[in-house]
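Trainee: Please choose a single part of the structure shown below and take me through it closely, setting it first within the whole chain. I would like the cut-off behind each term as you go.

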Amino acid sequence: MDITQEQWWKEAQQDSNAVILDVRTEDEWNQGIIPGAINIDIYKGQGFIYQVDELDKSKTYYIYCRSGGRSGQACNLMQQMGFAKTYNLVGGIMEWNGPVEMPEEK
């Protein structure tokens with residue numbers, strides 16, 4: 001489901017079950033992330049499916065990418081895989097006005 005960044009961030013902060021998922025490439029990830037995010041690159045295709053399949057389906061996923069397209073795809077894919085709660089950040093990190101931090105070295 002697409003939600004605005006204000007709602008996305010507010011709900012992610014208040015939800016004890018929240019996981020912030022960044023589906024961008026590693027290069028994009030290294031340019032800055034939304035605090036607390038984990039990274040699984042949707043361009044990895046089947047590798048993305050395998051990694052996502054290991055995640056806890058009972059958690060709530062707040063998903064973002066650069067502009068909202070890939071994260072929208074990730075939401076749809078994850079719902080098909082049995083994830084009940086997935087929220088897409090409208091506009092992605094390009095339109096993000098919230099906090100951004102540099103990721104730790106992988």
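**A close look at helix α4**

Mentor: The protein chain holds 4 helices and 5 strands, where helices (H or I, at least four residues) and strands (E, at least two) are DSSP runs numbered from the N terminus. This is a predicted model, in which local features need pLDDT of at least 70 and side-chain atom pairs count only at pLDDT 80 or more, while totals for chains, interfaces and linings use all residues. Residues are numbered from 1 along each chain as its sequence is written, and side-chain values use heavy atoms, with hydrogens and water left out.

Read from the N terminus, the order of elements is β-α-β-α-β-α-β-α-β. The C-alpha trace spans about 30 × 30 × 25 Å along its principal axes, and the radius of gyration of the protein chain is 12 Å, which agrees with the value near 13 Å for a compact globule of 106 residues; that radius is taken over C-alpha atoms, and the globule rule is 2.2 Å times the number of residues to the power 0.38. Of the contacts with a separation of 6 or more, 67% join residues 24 or more positions apart, a contact being heavy atoms within 4.5 Å.

The part I would choose is helix α4, residues 69–80. Its 12 residues should span 16 Å at 1.5 Å a residue, and the end C-alpha atoms are 17 Å apart, which agrees; the expected span is 1.5 Å times one less than the number of residues.

Within α4, the buried residues are Arg70, Ser71, Gly72, Ala74, Cys75 and Met78, buried meaning under 20% relative accessible area, against over 50% for exposed and partly exposed in between, with a 1.4 Å probe and protein chains only. As a general point, an α-helix has 3.6 residues a turn, so residues three or four places apart point the same way. The buried residues of α4 pack against two strands and two helices among their partners, including β4 (60–64) and β5 (85–89), α2 (26–29) and α3 (46–53); β2 is also one of the elements they pack against. Just after the helix, Gly82 takes a positive phi of about 105°.

For scale, buried residues make up 45% of the 106 residues in the protein chain. Ile3, found in strand β1 (residues 2–3), counts as buried because its relative accessibility is 4%, whereas Ser16, in the loop between α1 (5–14) and β2 (18–22), counts as exposed at 78%.
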